[in-house]
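Reader: I would like to learn how to read the packing of a protein model, going from its core to the way its helices meet. Could you take me through one case?

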Amino acid sequence: MKFIKKYLVLMVVAVLFVGAFVLNLIANGDGGEKNNMGIEETMAETPVEEAVSGDYFETFRQDREEVRKLEMQYLDEVIATSATDQETLAEAQEQKLVLVENMEKEFTIESMIKAKGFEDAAVTFHSGTVNVVVKGELNDEQVAQILDIVQDETGEPAKNIKVMAGE
């Protein structure tokens, strides 16, 4: 019974992570159909449209916050369950730490982009993938500046970072 419960909980957490990733792709208007080829291709992409019920960036942050709250709740439930074996407990604690670290990196990157003079930014970070949407038009120099910030904060190579202009 413990075995089944352990894997059921891990599957729920995995589904939440996949859901967050899919929401990110949908919010960024990509759908996974484009490859991250470089600055020229990034600049040629169509700007992300505003969310129907308001500002894209505000809606994005609210959606991201809701998904993160659910992820944290599930991980907290796994951690709090006395029937959880040590391996599952350790995995849940590790996932929670990674989630918190990713949240901190996203916040730091968004803040640093704004500090460089950009009006607004929305960032999602998962190991191996960073998506950045910046309000307004971007030139090659600005994209390079954003890539530098993201690489410094995440350690991800440029090929794993997607920068897009949003309205």
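Author: We begin with contact, which here means heavy atoms within 4.5 Å. With that in hand, and keeping in mind that this is a predicted model, one can read the surroundings of Ile-113, which touches Phe-118, Ala-121, Val-132, Val-134, Ile-146 and Ile-149 when residues up to four places away in sequence are not counted.

Reader: To which larger grouping does Ile-113 belong, and which residues have the most contacts inside it?

Author: The general idea is that in soluble globular proteins nonpolar side chains tend to be buried together. In this model the largest nonpolar core has 18 residues, and those with the most contacts inside it are Ile-113, Val-132, Val-134, Leu-138, Ile-146 and Val-163. At least two residues of this core come from each of α4 (86–115), β1 (121–126), β2 (129–135), α5 (140–154) and β3 (161–166), and α5 gives the most, with five residues. Apart from this core lies another, of six residues, including Tyr-56, Ala-122, Val-133 and Met-164.

Reader: How should I read the meeting of α4 and α5, and which residues make it?

Author: One looks at the angle between the axes, where values over 145 degrees count as roughly antiparallel. The axes of α4 and α5 come within 10 Å and cross at roughly 150 degrees, so these two helices are roughly antiparallel to each other, and the crossing is right-handed. Lys-105, Thr-108, Ile-109, Met-112 and Ile-113 of α4 meet Ile-146, Ile-149, Val-150, Glu-153 and Thr-154 of α5, a contact with six nonpolar, two polar and two charged residues.

Reader: At what angle do the axes of α3 and α4 cross?

Author: The axes of α3 (residues 56–80) and α4 come within 9 Å and cross at roughly 160 degrees, and α3 and α4 are therefore roughly antiparallel to each other, in a crossing that is left-handed. Among the residues making the contact are Arg-64, Arg-68 and Glu-71 of α3, together with Leu-99, Met-103 and Glu-106 of α4. By class, the residues of this contact divide into nine nonpolar, three polar and nine charged.

Reader: Is Glu-106 buried or exposed, and with which residues is Glu-106 in contact?

Author: Burial is read from relative accessible area, with under 20% taken as buried. Glu-106, which is found in helix α4, has a relative accessible area of 1% and is therefore buried. Leaving aside neighbours within four places in sequence, Glu-106 is in contact with Arg-64, Arg-68, Val-123, Thr-124 and Phe-125.

Technical notes
Residues are numbered from 1 along each chain as its sequence is written. This is a predicted model: local features need pLDDT of at least 70, side-chain atom pairs count only at pLDDT 80 or more; totals for chains, interfaces and linings use all residues. Side-chain values use heavy atoms; hydrogens and water are left out. A nonpolar core is a set of buried Ala, Val, Leu, Ile, Met, Phe, Trp, Tyr and Cys residues joined through side-chain atoms within 4.5 Å. Buried means under 20% relative accessible area, exposed over 50%, partly exposed in between (1.4 Å probe, protein chains only). Helices (H or I, at least four residues) and strands (E, at least two) are DSSP runs, numbered from the N terminus. Axes are lines fitted to C-alpha atoms, for helices over the stretch in contact, and angles run from 0 to 180 degrees between N-to-C directions. Angles under 35 degrees count as roughly parallel, over 145 as roughly antiparallel, 65 to 115 as roughly perpendicular and the rest as oblique. A crossing is left-handed if the near helix is turned anticlockwise from the far one by less than a right angle, and right-handed if clockwise. Ala, Val, Leu, Ile, Met, Phe, Trp, Tyr, Cys and Pro count as nonpolar, Asp, Glu, Lys and Arg as charged, and the others, Gly among them, as polar.
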